[in-house]
Amino acid sequence: MPVDLSSYSSAAFDRGAGRLRESLWLLVSLLLFRLCPVSLSPLKRTVLRAFGAKIGRGVTIKPQVKITFPWKLEIGDFVWLGEECWLLNLDRITIGNNVCISQRAFLCTGNHNYRRPTFDLIVKPITVEDGAWLGAGCWVGPGVKIGSHAILTACSMMSSDMEPWGIYQGNPAAFVKRRTMETSHPSAQEKPLGIN
C-alpha cells in the first residue's frame with residue numbers, strides 16, 4: 001500500500017494551547033526571538049515564562065533562537081542557547097542546569113510513522129541533563145536522553161540515549177571517549193576537540 005499524504009491528519013495531536021495563545025506566541029517569537037539582533041536574555045526569559053515555560057536563573061538566549069511551544073519547555077539555571085538553535089518541542093523538552101546548546105543545534109521531538117500509509121505523526125520528549133554540551137549544528141531526535149555532562153560534537157546526529165560523561169561524534173553519533181574535567185586552566189598549546 002503506497003503512502004497517501006492526502007489522508008494525513010494531525011487532529012489527535014495536542015498542541016498544548018489554544019489558537020489565540022499560539023498565534024500570539026508566533027508573533028512575539030518572530031519579533032523578539034527571530035528578528036531581534038541582540039540577546040535581551042532577561043526580557044526573553046520573562047516572555048517565555050509568561051507563555052508557560054519553566055525557565056531558571058541566568059539563562060542566556062542568543063538571537064534567532066526558535067522555540068516551537070514554550071508551554072512544553074523546561075530549562076534549568078545558567079543554560080546557554082546559541083544563535084539559531086531550534087527547539088522543535090512538539091513534545092516536552094527538559095534541559096538541566098549548566099547546559100550549552102550551541103549555534104544551529106536542532107532538538108527535534110517529532111517524526112512520522114513511515115510504516116503507515118497515513119504517515120502518522122509521532123512525538124517523544126527530549127531530556128538534556130546537567131552539564132551537557134550539544135555542539136554547533138548537531139541534531140537530536142525524538143525520545144533521546146542526553147546524560148549528565150555528555151557531549152555531542154558539532155554536526156553530529158543522535159537518535160539514541162547518551163551515557164553520562166560520554167563524548168559522542170558522527171552520523172549516526174557513536175561513543176568516542178569519556179569526558180574528563182580539569183581543575184586548572186589548560187595551556188594555550190592544547191588543541192580543543194572541535195566541538196563548537
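How many helices and strands are there in the protein chain?

## The basics

There are two helices and 19 strands; both are DSSP runs numbered from the N terminus, with helices (H or I) needing at least four residues and strands (E) at least two. This is a predicted model, so local features need pLDDT of at least 70 and side-chain atom pairs count only at pLDDT 80 or more, while totals for chains, interfaces and linings use all residues. Residues are numbered from 1 along each chain as its sequence is written, and side-chain values use heavy atoms, with hydrogens and water left out.

## Overall shape

Lay the protein chain along its principal axes and its C-alpha atoms fill a box of roughly 60 × 45 × 25 Å. Buried residues (under 20% relative accessible area, with a 1.4 Å probe and protein chains only) make up 40% of the 196 residues.

What about contacts, meaning heavy atoms within 4.5 Å? Of those in the protein chain with a separation of 6 or more, 30% link residues 24 or more positions apart.

## A sheet to look for

Now find the open sheet of five strands: its order is β1-β4-β7-β12-β15, and the pairing is parallel. β1 (54–55) and β15 (145–146) are at the edges with a single partner strand each, so one side of each has no neighbour in the sheet. Pairing here takes at least two bridges found by DSSP between two strands.

Zoom in on one edge. Strand β12 (residues 126–128) pairs with β15 in the parallel sense over two bridges, and T127 sits opposite K145 in β15.

Note on methods: Buried < 20%, exposed > 50% of the residue type's maximum accessible area, 1.4 Å probe, protein only. Contact = heavy atoms within 4.5 Å.
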